[in-house]
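Reader: I have a new model on my screen. Please take me through its sheet, its domains and its salt bridges.

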Amino acid sequence: MRCPYCSAPDSKVVNSRPSDDGASIRRRRECLGCARRFTTYERAQLEPLMVLKRGGQREAFNPDKLLRGLTLATEKRPVDPERLRAFAYGFEDEVQVAELAAAEIGRRAMTFLRPLDAVAYIRFASVYRDFDSLERFIEEIRGLTDGEEGGLP
């Protein structure tokens, strides 16, 4: 570990113990160059959730992209932005797989939006589902007003 004071390349661990939350290890180190002490924390780095796109490419899940879509769908609607943020940033923690299809992320976002706000749900669905006709769009709206699942896959 490089020293933050003198940038010497080596240090030794003087003391090591679990941190307060148990999710990391606190290490007290001493620089072999300048003999100053500093603290580091070691945490597990989890593999990022990978998103399988329609075209077959894979990319790391980005909660900002999900939040952006949710925010656009709820623009000028009475939906608490903190709920959107909590959903987007908690999404990866809720998913227990290493890879997820983009369509599944969209489906889960629609399931989240539906009870919050019908207009936001339809806005999101119009982009996510890419309706090919006005009739299909109207069917989705009727599904909402009839209390059906609205064609959720």
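Author: The questions below deal with a predicted model.

Reader: In what order do the strands of the open sheet of three strands lie?

Author: The sheet is open, and its pairing is antiparallel. Strands E1 (11-18) and E3 (37-43) each have a single partner strand, so they stand at the edges. The order is E1-E2-E3.

Reader: By how many degrees are neighbouring strands of this sheet turned against each other on average?

Author: Direction is ignored for this value. The average turn between neighbours in this sheet is 25 degrees.

Reader: Which residue in E2 is the bridge partner of Asn15?

Author: E1 and E2 (residues 24-31) pair in the antiparallel sense, over seven bridges. For Asn15, the bridge partner in E2 is Arg28.

Reader: How far apart do the C-alpha centres of domain 1 and domain 2 lie?

Author: The domain assignment gives domain 1 as 11-43 and domain 2 as 50-145. Between their C-alpha centres the distance is 42 Å.

Reader: How many residues apart in sequence are the parts that Arg58 and Glu99 tie together?

Author: Arg58 and Glu99 form a salt bridge, with 2.4 Å between the closest N and O atoms. Arg58 lies in strand E5 (residues 58-60) and Glu99 in strand E6 (residues 99-101), so the pair ties together parts separated in sequence by 41 residues.

Reader: Is Asp117 buried or exposed?

Author: Asp117 meets Arg77 in a salt bridge of 2.9 Å, N to O. Asp117 sits in the loop between helix H3 (102-116) and helix H4 (118-128), while Arg77 sits in the loop between helix H1 (63-73) and helix H2 (81-94). Arg77 has 29% relative accessibility, so it counts as partly exposed. Asp117 has a relative accessible area of 8%, and the cut-off is under 20%, so Asp117 is buried.

Reader: In which helix do Glu82 and Arg85 both lie?

Author: Their salt bridge has its closest N and O atoms 4.0 Å apart. Arg85 is partly exposed, at 38% relative accessible area. The two residues are three apart, about one turn of the helix, and that helix is H2.

Reader: Which residues are linked with Glu104 in a network of salt bridges?

Author: The count of salt bridges comes to eight. In the network, Glu104 is linked with Arg107 and Arg108.

Note on methods
Residues are numbered from 1 along each chain as its sequence is written. This is a predicted model: local features need pLDDT of at least 70, side-chain atom pairs count only at pLDDT 80 or more; totals for chains, interfaces and linings use all residues. Side-chain values use heavy atoms; hydrogens and water are left out. Two strands pair if DSSP finds at least two bridges between them. Helices (H or I, at least four residues) and strands (E, at least two) are DSSP runs, numbered from the N terminus. Axes are lines fitted to C-alpha atoms, for helices over the stretch in contact, and angles run from 0 to 180 degrees between N-to-C directions. Domain bounds come from an automatic or database domain assignment. A salt bridge is a side-chain nitrogen of Lys or Arg within 4 Å of a carboxyl oxygen of Asp or Glu. Buried means under 20% relative accessible area, exposed over 50%, partly exposed in between (1.4 Å probe, protein chains only).
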